[in-house]
Amino acid sequence: MAKILTLGMLKPDAIASGKAGAIIAHIQNEGFSIRAARLTRLTPAQAGKFYEVHKDRPFYADLVAFMTSGPVLPMALEREDAVAHFRKVIGATDPAEAAPGTIRKLFAESKGKNAVHGSDSPENGVREVAFFFPESEIAGLWG
Ligand code: CMP
């Protein structure tokens, strides 16, 4: 199976808790290579655009407020079956429902403050990697 990219992003709670290093080690131990990464702070417009698909959901305003409350660390992660495997590694949206050993079970505190984001389909992986990283930084990585 060819290696592909997914977008993994450490959320403001993960950065603020000082657990970013432990979470990145966990991700690398699962066989992911970090091909691009950046510590950045989203504007409300950027967070709103990134989560546009949820704009009619009741939690949208809270989600945008939380995602702009501190720095985030988006990463282009490469691995075979990257999108599906990363979803497995991060666990269910709600840490209370996440499987033992998953990042959200180990490091997240609530459905909103859930430590990490992962693309939910290969199509969104392409869109979300391109959202954060210019073509010049990821050229040649799509296999
Ligand atoms: P994420 O995987 O980043 O994708 C959308 C995010 O919306 C999700 O993680 C959660 O953090 C957030 N979210 C989903 N459902 C709820 C909810 N009921 N209340 C608050 N936030 C939510």
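**Close-up 1. Polar contacts between the protein and an oxygen atom of the ligand in the predicted model.** In this predicted model, a polar side-chain atom of N114 is placed 3.3 Å from an oxygen atom of the ligand. The protein covers 78% of the 450 Å² of accessible area that the ligand has on its own. R104 also contributes a polar side-chain atom, which lies 3.2 Å from an oxygen atom of the ligand. K111 takes part through its backbone: one of its backbone N or O atoms is found 2.8 Å from an oxygen atom of the ligand.

**Close-up 2. The pocket and the residues around the ligand.** The ligand occupies the largest pocket of the predicted model. Its surroundings are formed by K11, Y51, H54, F59, L63, T93, R104, K111, G112, N114 and H117. Sorted by class, this shell comprises three nonpolar, five polar and three charged residues. R104, K111 and N114, described in the previous legend, belong to the shell, as does Y51, which reappears in the next legend.

**Close-up 3. Aromatic pairs involving F50.** The predicted model has six aromatic pairs. One of them joins F50 and Y51: the ring centres are 5.0 Å apart and the planes stand at 90°, so the pair is classed as edge-to-face. The angle satisfies the cut-off for this class, which is over 60 degrees. F50 also forms an aromatic pair with F132; here the centres are 5.5 Å apart, the planes make an angle of 50°, and the pair is tilted.

**Close-up 4. Burial of F50 and Y51.** The relative accessible area of F50 is 2%, so this residue is buried. Y51 has a relative accessibility of 5% and therefore also counts as buried. The cut-off for both residues is a relative accessible area under 20%. Y51 is thus a buried residue that is also one of those surrounding the ligand.

Conventions: Residues are numbered from 1 along each chain as its sequence is written. This is a predicted model: local features need pLDDT of at least 70, side-chain atom pairs count only at pLDDT 80 or more; totals for chains, interfaces and linings use all residues. Side-chain values use heavy atoms; hydrogens and water are left out. A residue is near a molecule or strand if one of its heavy atoms lies within 4 Å of it. A polar contact is a pair of N or O atoms within 3.5 Å; within protein, one must be able to donate a hydrogen and the other to accept it, and residues adjacent in sequence count only if both atoms are side-chain atoms. Accessible areas come from the Shrake-Rupley method with a 1.4 Å probe; for residues, only the protein chains shown count as cover. On a 1 Å grid over the protein atoms alone, a cavity is a set of points where a 1.4 Å probe fits but cannot get out, and a pocket is an open set with protein on both sides within 12 Å along at least five of seven lines; lining residues have an atom within 4 Å of a point. A molecule sits in a cavity or pocket if more than half of its atoms lie within 2 Å of its grid points. Ala, Val, Leu, Ile, Met, Phe, Trp, Tyr, Cys and Pro count as nonpolar, Asp, Glu, Lys and Arg as charged, and the others, Gly among them, as polar. Rings of Phe, Tyr and Trp (its six-membered ring) pair if their centres lie within 6.5 Å; planes under 30 degrees apart count as stacked, over 60 as edge-to-face and the rest as tilted. Buried means under 20% relative accessible area, exposed over 50%, partly exposed in between (1.4 Å probe, protein chains only).
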